[in-house]
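Visitor: I should like to be guided through a protein model by way of questions and answers. Please explain each technical term when it is needed.

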Amino acid sequence: MTVAQAVVEYLSKQYTVDSINGVEYRERLIPGTFGIFGHGNVAGVGQALKQYQQLDPSIMPYYQGRNEQAQAHQAVGYARHTRRRQTFAISTSIGPGSSNLLTGAALATTNRLPVLLLPSDTFATRAADPVLQQLEQPYAYDITVNDAFRPLSKFFDRVSRPEQLFSAFHHGLRVLTDPAETGAVTISLPQDVQAEAFDVPEEFLAEREWRIRRPDADDEDIVRAAAAIRAAKRPLIIAGGGVLYAYANDELAKFVELTGIPVGNTQAGVGVLPWDHRFSLGAIGSTGTTAANAIAADADLIIGIGTRYEDFTTASRTAFQNPDVRFININVAAIDAYKHGTTLPIVADARKALVKLNAALGGYRVGADLEQQIASEKKRWDATVDEAFATRFTPLPAQNEIIGATSRAMDAQDVVICAAGSLPGDLHKMWRVRDPFGYHVEYAYSCMGYEIPGGLGVKRAALAEAARGGEQRDVVVMVGDGSYLMMHTELVTAVAERIKLIVVLIQNHGYASIGSLSESLGSQRFGTQYRALNEEQHSFDEGETLPVDLALNAESLGVKVVRIEPGEKVIAELEQAIRDAKAAPERGGPILIHVESDPLLDAPSSESWWDVPVSQVSELDSTKQAFTTYTDHKARQRKLLG
C-alpha cells in the first residue's frame, strides 16, 4: 500500500481508553480527517481517503473545510468538548496550505489541546526541484515551510522514507494522548513519499489502545500539602481547565464543602462549579469578579488546581498581596506545577490528588469570618451583574444586556463559544454557567476568528455525544464583527453539512476591546474603529462608518439570518430569536442573529489590573496620564516566589 493509505488505515484503528471512577471509556482517537487538497496531497492522502470512502465510509470519514487554520480550530473545539480523548487529523497541501495551519498549531499547543497536523511537504527525492510553492534558503537547502511548525508543536517529525512512518506516528500519538505533553502534533509528509508504495506490517495496522495517563499524587506531597492547608487562615483555590479534563468536578465540590475553601476559576476552568454554588467566587484575575479578587488579595495560601497561571489569572502578579502568600500547585504537567517558585508542587491528576486531600483533611474547616466574607462578596457581585443585565440603553444596547439575554435564552446544558475581544472578559466575569460543558472560551491564545470554526467543532462533538445517548446541546457562538471578519468561512461548512450552529453576531463597527484598552493606555482608540479613510489626516478614526452589511454577507453564504433592529425592544427580540433558533430543526443549517451594540458601554469593573506597558515618554497628555496610572499599578507587582 502507499504511505498515505497506510496512514489513513492506521489512524482508523487508534483508540483512547480512559477510566473515571471505575467506568471504562473506549473511543476512536481520530474520528475523521479534514482536508483541503492541492498538488501536495491530492494524489496521496486525498487518493487514500477516496479509496477508503468507497470501501467503507466509516473507516475514515472525510470533512471539507474552507480554511486550513479554521480546520485546526474545529479539531481543537472537538478535542476540548471530548476532554482530550478525541481530535481530528488535518491534511494540507504544501506551501500556503501548510503555513495556514501555523496559527492553529500555536493555539492548540498553548491551550494544551490535541490536534494531529499532516502538512504536505516538497519532494523528498528532489526529483523536481524547486517545485511550485517551495521555500528555498541558500544557507540550508533541507529547510521547508514545515520547519516553522517545530517551535509551535509538542511533537514534530518528517517522514522522508516510508519506513520512518512507524516511529513517527507511534511517538506522535504518544504525545497526542499524553495529558501533560499534548498539543499540536505535526508529521510532515513529502508529496512523493505519500504516493510511494511499500510493504506495511500487519502489526502497524492492528487496533491499538492509548490509555489516558492519570498519575496519582505522592503520599508525601499530600501530607505536606495538607499541613500547609491546615496552617492557612485564608486559603483560596484557583481552578483551571485541568479540573475539567480530569473529571474532577465532583471531588472539587466535596473538597470545598468539606473545608469551606472558596474557588475562583480561570477562563478554562469556568464550569468547575455552578455559578450559584455558595463557595464559587466565579472568575479570578484581570477579567474576574470583585468577589474572587477581594478574597485573593488577602489569601495566605493559593491552591492552584489544573491552572497554568496565565497573566490574566494572576492580574499580572498583582492579585495576591498578602506578604506571606504560599502556593500549592496541583497539575499533571510539571511546568505548571512548579510555577511561582512553589515548594509544594504536586505533579498528579487533579481528581486523584483531590481524593487524597479529601481523605487527609478530615476535621479541617476555614474560619467563620472567611465564610462570612465569601457570602458577602458573592452577594455584592451577584447584585452588580443583576444590575448590568437589567439596565437598558437605547437605541443600542450594552454588551452586558446582550450577554444577559443570551444566557437567559439558553438551557443549562447548552454551550457558549467565544475567543477574542471584549466578549471573553465580559463572559468570564458575568456568565452564569450551570453545566461543566456549558462554557467554551479559547483564551490561552485568544485567537480572533476561532469562534465560528471552534464552535462548529464543539457542535460536532455535541452531536456525537447525543448520538451515544448523552445530552442534547445547542451551541451558541458569540462573536464581534472584528473576529467575524477574520474567519467566517466555516459557516459555509455548516451550510454544506446542515449543522445547526447558532451565531450571535455583535456589530459595533470596530475592535471594542482594543479600543477600550487603547484609551486606557493613552492612545485614544487609535486604529480600532471601522471608518472610511480621512485622506487629509490619513486617519481611520473620524471618517464615516463603513457601509458593511454583515447580515447580508452571512445570507450570501446560505445562512438563515435574523436581524434585530435597534430600539427599545432589542433585548426582548434578541432573547426570543435565540429561543426560536434553539427550536429550529437540528439538521436545518446555521442560524445567525445580527444585533448592534454600543462599544463605549463597559462591563462592571473587576477591580483588577492587566500589565500592558505604556510609553514612558510622550507628547500626548493622555499617554502621560496613563503612564502615571501604570507606574502605580506596577508598584504592586510581585515575583511570588514561594
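The questions below turn to sheets, helices, one residue and a pocket.

Guide: This is a predicted model, in which local features need pLDDT of at least 70, side-chain atom pairs count only at pLDDT 80 or more, and totals for chains, interfaces and linings use all residues. Residues are numbered from 1 along each chain as its sequence is written, and side-chain values use heavy atoms, with hydrogens and water left out.

Visitor: In what order do the strands of the open sheet of six strands lie?

Guide: Helices (H or I, at least four residues) and strands (E, at least two) are DSSP runs, numbered from the N terminus, and two strands pair if DSSP finds at least two bridges between them. In this sheet the pairing is parallel. The edge strands, which pair on one side only, are β12 (280–283) and β15 (344–347). The full order is β12-β11-β10-β13-β14-β15.

Visitor: Which residue in β12 stands opposite valine 263?

Guide: Strand β11 covers residues 263–265 and pairs with β12 in the parallel sense over three bridges. The residue in β12 that faces valine 263 is serine 280.

Visitor: What angle does helix α11 make with β12?

Guide: Axes are lines fitted to C-alpha atoms, for helices over the stretch in contact, and angles run from 0 to 180 degrees between N-to-C directions; contact means heavy atoms within 4.5 Å. Helix α11 (residues 290–298) packs on the sheet and touches β10 (235–239) and β12. The angle between the directions of α11 and β12 is about 105°.

Visitor: What is the average twist from one strand to the next in the open sheet of three strands?

Guide: This sheet has the order β2-β1-β9 and mixed pairing. Its edge strands are β2 and β9 (208–211), each of which pairs on one side only. From one strand to the next, the twist averages 30°.

Visitor: Which residue in β2 stands opposite threonine 16?

Guide: Strand β1 (residues 14–20) runs antiparallel to β2, and six bridges join them. Helix α1 (residues 3–12) lies across β1, β2 and β9, at about 20° to β1. The residue in β2 opposite threonine 16 is glutamate 27.

Visitor: How many of the residues of helix α15 are buried?

Guide: Buried means under 20% relative accessible area, exposed over 50%, and partly exposed in between (1.4 Å probe, protein chains only). Helix α15 spans residues 399–409 and is mostly covered. Its cover includes α14 (368–390), α16 (422–430), β18 (475–480) and β19 (502–507). Of the eleven residues of α15, the number buried is ten.

Visitor: Is threonine 406 buried or exposed?

Guide: Threonine 406 belongs to helix α15. Leaving aside residues up to four places away in sequence, threonine 406 touches Trp431, Val476, Met478 and Ile578. Because its relative accessibility is 0%, threonine 406 counts as buried.

Visitor: What distance separates the C-alpha atoms of threonine 406 and isoleucine 578?

Guide: Along the chain, these residues are 172 residues apart. In the model, their C-alpha atoms are separated by 7.1 Å.

Visitor: Which residue in β19 stands opposite methionine 478?

Guide: Strand β18 has both faces covered, with Val475, Val477 and Val479 buried on one side and Val476, Met478 and Gly480 buried on the other. Three bridges join β18 to the parallel strand β16 (residues 415–418), and five bridges join β18 to β19, also running parallel. Opposite methionine 478 in β19 stands valine 504.

Visitor: What is the phi of the glycine that follows α10?

Guide: The buried residues of α10 include Leu252, Phe255 and Val256. Among the elements that cover the buried residues of α10 are α8 (219–231), β10 and β11. After α10 comes glycine 260, whose phi is positive, near 80°.

Visitor: How much space lies in the second largest pocket?

Guide: On a 1 Å grid over the protein atoms alone, a pocket is an open set of points where a 1.4 Å probe fits, with protein on both sides within 12 Å along at least five of seven lines, and lining residues have an atom within 4 Å of a point. The second largest pocket is lined by 19 residues, and Tyr25, Arg83, Arg85, Tyr247 and Phe437 lie nearest its centre. Grid points are joined across faces, edges and corners, and a volume is the space filled by probe spheres set on the points. For the second largest pocket, this space is about 540 Å³.
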